[in-house]
Amino acid sequence: MARQVGVMETENIEAIITRIEHKSRKIESLLKQLKPVEALKTALEGSPPKTRDERCKSANWIVVHRALMAIKDVDGMFSSLDPEYYDILMKYLYRGLSTGDRLICDQCLRIHEKLTERAGLGCILRCLADTVNTV
């Protein structure tokens, strides 16, 4: 029985990776069309929240990172980004900050500042308190 559960988890992980790859192609297309906010929305949608598999989390981070780094007008982004994305965006900003890469950190801090102004401190607290749905 335990072996069967392991096989089911592997199949589920492969399905998640396939969805992320599909999402990546869609994001690249949106970025080529100069639609970075739409690319970010697409990247944030359907993030694999409850998986513990690091491959899934890393693959999705790469997709979100690509969209985040394409954002040039942070204020304009928030005029188009629905509040439903704020908490998951905050989680990815902290993931970006954890890389220690200067360019990524600079971009994440710029967005973090505007996100905190817009969403308030509750967004930060929800992000830090949620240890189940990690990115």
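Leaving aside its neighbours within four places in sequence, which residues is phenylalanine 78 in contact with? Let's work our way there, starting with the whole chain. Keep in mind that what you see is a predicted model.

Begin with the secondary structure. The protein chain has seven helices and zero strands. If you follow the chain from the N terminus, the elements read α-α-α-α-α-α-α.

Next, look at the overall dimensions. Along its principal axes, the C-alpha trace spans about 50 × 35 × 30 Å. The radius of gyration of the protein chain is 15 Å, and this agrees with a compact globule, because a globule of 135 residues would have a value near 14 Å. Contacts along the chain add to the picture: among those with a separation of 6 or more, 71% join residues 24 or more positions apart.

What about the inside and the outside? Of the 135 residues, 41% count as buried. The accessible surface comes to about 7900 Å², and carbon and sulfur atoms make up 56% of that surface. The chain also carries 21 positive and 19 negative charges, whose mean positions are 2 Å apart.

Now let's zoom in on one helix, α5, which covers residues 86–97. From its first C-alpha to its last, this helix of 12 residues reaches 16 Å, close to the 16 Å expected at 1.5 Å a residue. How many of the residues of α5 are buried? Nine of the 12 are, so α5 is largely enclosed by the rest of the structure. The buried residues include Ile88, Met90 and Leu93, along with Lys91 and Arg95. As for the partners, the buried residues of α5 pack against α2 (36–44), α3 (54–70), α4 (74–80), α6 (102–119) and α7 (121–129).

One of those partners, α4, brings us back to our opening residue, since phenylalanine 78 lies in this helix. Is phenylalanine 78 buried or exposed? Its relative accessibility is 2%, and because buried means under 20%, phenylalanine 78 counts as buried. Leaving aside its neighbours within four places in sequence, phenylalanine 78 is in contact with Tyr86, Leu89, Ile111, Lys114, Leu115 and Arg118. Two of these names, Tyr86 and Leu89, also appear among the buried residues of α5. Lysine 91 is another buried residue of α5; its C-alpha atom and that of phenylalanine 78 are separated by 16 Å, with the two residues 13 apart along the chain.

Notes
Residues numbered from 1 in each chain as written. Predicted model: local features only at pLDDT ≥ 70, side-chain atom pairs only at ≥ 80, totals over all residues. Heavy atoms only, no water. Helix = DSSP H or I, 4+ residues; strand = E, 2+ residues; numbered from the N terminus. Rg over C-alpha atoms; globule rule 2.2 N^0.38 Å. Buried < 20%, exposed > 50% of the residue type's maximum accessible area, 1.4 Å probe, protein only. Contact = heavy atoms within 4.5 Å. Areas by Shrake-Rupley, 256 points an atom, 1.4 Å probe, with all protein chains shown as cover. Lys, Arg positive; Asp, Glu negative; His and termini not counted. Charge placed at Lys NZ, Arg CZ, Asp CG, Glu CD. Expected span 1.5 Å × (residues − 1).
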